[in-house]
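User: Could you walk me through reading a few features of this model? I'd like the general idea and then the case at hand.

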Amino acid sequence: MADLVVPDPALHASFLDVLAEFAAAGEYPHGSGVTPDDLPDDQVHGEPWRMASLSDPERFTAFAHAMVRLADGDVARGFAMVPDTKRWIVEGDTLLGFLSVRHELNEFLLELGGHIGYSVRPSARRRGLATYACAWGLEHLRSLGVDRALITCDDDNGASAATILRNGGVLEDVRGDKQRYWVDLRA
């Protein structure tokens, strides 16, 4: 059974494996906290991914600790971000995916990103991991006093849309290539 854990420097080797797997599939690891500058060389959506800076153990440890600190509103806002609880989906010492739970929405997140971002490595899909992570994220938002949660997905990502629907999402609209769903957390 998979668990959701705080970002942990002990998962360094598995983290690099996950990034390589996403890169090989031509996908971005949503919810991971990495930026294109941190990812391996590759082409995704026409943008170059530069050599991974996170291969260095010290930089990775700093990265993992920074991801934990983003849940603190003062820290997040200092980087012009919203407070964001990060969790990694793991089974034993194997990293399977990522979850990002944004405590509030800014203009960008309201339009495209939503409260919750997640991804599961291609080799671990179709096991209910995204549904599990999304449900945990919704409960976390409820505990923070959020009444309604926005979750978005690419218009061509049927698996993510199904995950959102399983977690009570109601489609509001499609903006560009993003489907926007709301989940009522008041119940």
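Analyst: Happy to. Let's start with one residue: Thr-85 sits in strand β4. Keep in mind that this is a predicted model.

User: Is Thr-85 buried or exposed?

Analyst: Buried means under 20% relative accessible area. Thr-85 comes in at 4%, so it counts as buried.

User: Which polar contacts does the side chain of Thr-85 make?

Analyst: There are two to look at. One is with the side chain of His-103, at 2.7 Å. The other goes to the side chain of His-140, at 3.0 Å. If you set aside the neighbours within four places in sequence, Thr-85 also has Ala-71, Leu-99, Ser-100, Val-101 and Trp-136 among its contacts.

User: How far is Thr-85 from Leu-144 in sequence and in space?

Analyst: The two are 59 residues apart along the chain, while their C-alpha atoms are 11 Å apart.

User: Let's do a helix. How should I read one that has a buried side?

Analyst: An α-helix has 3.6 residues a turn, so residues three or four places apart point the same way. Now take α2, which runs over residues 57–69. Its 13 residues reach 18 Å from first C-alpha to last, close to the 18 Å expected at 1.5 Å a residue. Phe-60, Phe-63, Ala-64 and Met-67 are the buried ones to look at in α2. They lie on the same side of α2, because the arc they cover around the axis is only 95°.

User: What covers the buried residues of α2?

Analyst: The cover includes α1 (12–24) and β4 (84–91), and β4 is the strand where we found Thr-85.

User: And which residue caps the N-terminal end of α2?

Analyst: That's Asp-56, with a side-chain oxygen 3.1 Å from the backbone nitrogen of Glu-58.

User: Now the core. What's the general idea?

Analyst: In soluble globular proteins, nonpolar side chains tend to be buried together. Here the largest nonpolar core has 25 residues, and Ile-89, Ile-116, Tyr-118, Leu-138 and Ile-151 have the most contacts inside it. Elements that each supply at least two of its residues include β5 (94–102), β6 (116–120), β7 (148–154) and α6 (158–166). The largest share, six residues, is from α5.

User: What does Tyr-118 touch?

Analyst: Not counting residues up to four places away in sequence, the partners of Tyr-118 include His-30, Phe-98, Cys-134, Ile-151 and Ile-164. There's also a second, separate core of 17 residues, with Leu-11, Val-18, Phe-22 and Leu-95 among them.

Notes
Residues numbered from 1 in each chain as written. Predicted model: local features only at pLDDT ≥ 70, side-chain atom pairs only at ≥ 80, totals over all residues. Heavy atoms only, no water. Core = buried A, V, L, I, M, F, W, Y, C linked by side-chain atoms within 4.5 Å. Buried < 20%, exposed > 50% of the residue type's maximum accessible area, 1.4 Å probe, protein only. Helix = DSSP H or I, 4+ residues; strand = E, 2+ residues; numbered from the N terminus. Contact = heavy atoms within 4.5 Å. Expected span 1.5 Å × (residues − 1). Arc of directions from axis to C-beta. Polar contact = N/O pair within 3.5 Å; in protein donor to acceptor, adjacent residues only side chain to side chain.
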